[in-house]
Amino acid sequence: AHFLAIAVNDSTEAAKNFVTQMQTTFYTAKDDEDGNIALEYGVTGIPETFFIDAHGTIQEKFSGAITREVIENFLQIEIGKLEGRVLEIAHLLRCPICQGLSVKESQDQISLNMKKKISE
């Protein structure tokens, strides 16, 4: 996961001062002169937090200050979804050794290796 802050309605100097003062460890960028990034994302107030997947789709949007707990809860839900998908895939695949068992059900070393690869 990557975190990116967009400085909206701030001068470059103000954005740099914020990063220095807050000692942020995430990427920070400045919106363009016309505020197009904020407009594209539908920012209605500041601060807002967007969770965007690897395909660029907004998965969740939070208005106002966000806490570590909110981020952790969101990530736990997403991890749960991924784990569910891994189990679905493992259930659909057949063990090449056992044939009758799914990769999920089989304890054969090949199936265990396949489950590990699916999880990665």
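**Strand β1, a surface patch and a ring cluster**

Strand β1 has two sides: Ala5 and Ala7 sit on its covered face, while Leu4 and Ile6 make up the uncovered one. Strands here are DSSP runs of E with at least two residues, helices are runs of H or I with at least four, and both are numbered from the N terminus. The model is a predicted one, where local features need pLDDT of at least 70, side-chain atom pairs count only at pLDDT 80 or more, and totals for chains, interfaces and linings use all residues. Residues are numbered from 1 along each chain as its sequence is written, and side-chain values use heavy atoms, with hydrogens and water left out.

β1 runs parallel to strand β2 (residues 27-30), and four bridges join them; strands pair if DSSP finds at least two bridges between them. Across from Leu4, in β2, stands Tyr27. To get from β1 to β2 the chain passes through helix α1 (residues 12-22), and this β-α-β crossover is right-handed, a label for a path from the first strand over the helix to the second that runs clockwise with the strands pointing away from the viewer.

Leu4, Ile6 and Tyr27 turn up again on the surface, in a nonpolar patch with Ile37, Tyr41, Ile52 and Ile58; together these residues have about 610 Å² of accessible area. Such a patch takes residues with over 30% relative accessible area and no salt bridge, and joins nonpolar side chains (Val, Leu, Ile, Met, Phe, Trp, Tyr) within 5 Å. A salt bridge means a side-chain nitrogen of Lys or Arg within 4 Å of a carboxyl oxygen of Asp or Glu. Areas come from the Shrake-Rupley method with a 1.4 Å probe, and for residues only the protein chains shown count as cover. β1 (4-7) and α2 (36-41) are the elements that give two or more residues to the patch. Tyr41, found in helix α2, counts as partly exposed at 35% relative accessibility (buried is under 20%, exposed over 50%, partly exposed in between; 1.4 Å probe, protein chains only).

What about the rings? The whole structure holds three aromatic pairs, meaning rings of Phe, Tyr or Trp (its six-membered ring) with centres within 6.5 Å; planes under 30 degrees apart are stacked, over 60 edge-to-face, the rest tilted. Phe51 and Phe62 are edge-to-face because their planes stand at 85°, with centres 5.6 Å apart. Phe51 lies in strand β3 (residues 48-52) and Phe62 in strand β4 (residues 58-63), eleven residues apart. Phe51 is buried at 9%, whereas Phe62 is partly exposed at 25%. Phe51 also stacks with Phe74, 3.9 Å centre to centre and 25° between the planes. Phe74 is buried too, at 10%. Ring pairs thus tie Phe51, Phe62 and Phe74 into a cluster.

Conventions
Patch = residues over 30% accessible without salt bridge, like charges linked within 9 Å, V, L, I, M, F, W, Y side chains within 5 Å.
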